[in-house]
Amino acid sequence: MTMITNDTEFDVVVVGAGIVGLAHAYHAHRRGLSVAILDHADRVAGASVRNFGHACITAQSGEALEYARTGRAHWLELAHRAGFWAAETGTVAIARHDDELAVMEQFASDRGASEACVLDRAEILERVPADGRHVVGGMFMPRDLQVDPRAAAPMIARWLESEGVHFFWRTSATSFEAGLVRTTRGDLRACTTFITVNHDIDRLFPEIAEGIELQRCALHMIKAAVPLRFPMTSPLFTGWSLLRYSGFEAMPSTGVVADRLHRNHPEHTALDLHQMYTPQPDGTVLIGDTHIREVTPSPFQSEEGFTTLIEVTKELFGVTSIDVIERWQGVYCSAAGHEFLRAEPVPRTHIVTVTTGIGMTTSMGLAHASVVEALDHSTTVVS
């Protein structure tokens, strides 16, 4: 680890080594700038490794869709350069009720065949090893990507370090001034600073966090071996997924789906269930998730959340048991009515945070826009 000295200075300092911070470092490095990243942990360990590894590009809308589309090529480039597994798998959505299929038909018509195509019952059952008794059709979104969430961000960090980006692990930022980051190991000077610490922004700038009612969203998640009839090759959405992504919100039938699911499954609604699956290269499946939003989440997870994930998985695939390998609590930043927080509380010091669960999906495009806006409007570079 590079030592901080009185004359330590960089063109860009990034506070936070999660995927959003790494993406900022990547885009600054591509410009030929000197870059440093600092993080309070000794490795990438937060939301960037606790997720599905799913770049859910197509289901976004507005600003998030723009970032997701822009970031797609950067994900593929980084996979090649850093050597982590990435696949252009697309995403399959299964419809087990006519109202769910109606949403998918409306969405596919709105987006066009290059982004979404409707599948009939036979086609969906060729792609998804589901119990076919209630399946009425589905949809395929070919532009989505998948990476290994355990490996992608750590390997990006290692590659950036090999490229000359400086990492200060186990180092916390304490305060900021224009061109200066004060840390627990000394002061870092920089022309531009990006603060990408996800929900921990409330520890550095509490007033800004309180202004958007920032909370932490805690999830139940599982990694399991599921005895499927044949392996899945794409991430899988269900009817619950249609209630989670902004791209589906405007579809006329989405409210009908929401009313039926909430009415028929109040226990799942109470858990804020999102039933989705991402198959892993080793044959296991990541299963999730539930959502509990608090400023300080309880460290104690109810077994009800895990039991629900297991039971809905058995029912969907028509299996009698699954072998749970790991259970964990994912935590990410959440703010009602906001997908992103961008602010400049100090000159040349930029807060950039994804305030919903689409950090992997939007990180590369968000960082590209953030770096362009900050650096192209600045004429001074530390040298």
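Which residues of helix α5 (residues 152–162) are buried? They are A152, A153, P154, I156, A157, W159 and L160. Buried means under 20% relative accessible area, exposed over 50%, and partly exposed in between, with a 1.4 Å probe and protein chains only.

This is a predicted model, in which local features need pLDDT of at least 70, side-chain atom pairs count only at pLDDT 80 or more, and totals for chains, interfaces and linings use all residues. Residues are numbered from 1 along each chain as its sequence is written, and side-chain values use heavy atoms, with hydrogens and water left out. Helices (H or I, at least four residues) and strands (E, at least two) are DSSP runs, numbered from the N terminus.

**Around α5**

The cover over the buried residues of α5 includes α1 (19–30), α2 (62–82) and α12 (359–376). Strands β2 (35–38), β8 (145–147) and β9 (166–168) are also part of that cover. Just after α5 comes G164, with a positive phi of about 105°.

**Two helix pairs**

Two packed helices are described by the angle between their axes and the distance between the axes. Here axes are lines fitted to C-alpha atoms, for helices over the stretch in contact, and angles run from 0 to 180 degrees between N-to-C directions. Angles under 35 degrees count as roughly parallel, over 145 as roughly antiparallel, 65 to 115 as roughly perpendicular and the rest as oblique. Contact means heavy atoms within 4.5 Å.

Take α1 and α2. They pack at about 85°, and their axes are 12 Å apart. The two helices are therefore roughly perpendicular. On the α1 side, the contact holds I19, Y26, H27 and R30. On the α2 side, it holds H74, W75, E77 and L78. Four of the residues in the contact of α1 with α2 are nonpolar, two are polar and two are charged. Ala, Val, Leu, Ile, Met, Phe, Trp, Tyr, Cys and Pro count as nonpolar, Asp, Glu, Lys and Arg as charged, and the others, Gly among them, as polar.

Next come helix α3 (residues 98–111) and helix α9 (residues 254–264). Their axes lie 8 Å apart, at an angle of about 155°. So α3 and α9 are roughly antiparallel. From α3, D99, E100 and V103 take part in the contact. From α9, the partners are T254, V256, V257, R260 and L261. This contact of α3 with α9 has four nonpolar, one polar and three charged residues.

Which residues of α9 are buried? T254, V257, A258, R260 and L261 are. The buried residues of α9 pack against α3, α8 (246–249) and α10 (266–270).

**A three-stranded sheet**

Two strands pair if DSSP finds at least two bridges between them. One open sheet has three strands in the order β3-β8-β4, with antiparallel pairing. β3 (54–55) and β4 (86–87) are the edge strands, each with a single partner, so one side of each has no neighbour in the sheet. β3 and β8 are joined by two bridges. A55 sits opposite L145 in β8.

**Strands β20 and β15**

In a regular strand the side chains alternate between the two faces of the sheet. Strand β20 (residues 349–354) has six of its six residues buried. T349, I351 and T353 are on one side, and H350, V352 and V354 are on the other. In strand β15 (residues 276–279), M276 and T278 point one way, Y277 and P279 point the other way, and all are buried.

The table lists pairings of these two strands.

| Pair | Sense | Bridges | A bridge or opposite pair |
|---|---|---|---|
| β12 (186–195) and β20 | parallel | three | F194 and H350 |
| β19 (340–346) and β20 | antiparallel | five | V346 and T349 |
| β14 (236–237) and β15 | antiparallel | two | L236 and Y277 |
| β15 and β16 (285–288) | antiparallel | four | P279 and V285 |

Two of these pairs are hairpins. β19 and β20 have two residues between them, and R348 in the turn has a positive phi of about 65°. β15 and β16 have five residues between them, and G283 in the turn has a positive phi of about 95°.

**A190**

A190 lies in strand β12. Is A190 buried or exposed? A190 is buried, with a relative accessible area of 3%. A190 and A36 are 154 residues apart along the chain, yet their C-alpha atoms are separated by 9.1 Å.
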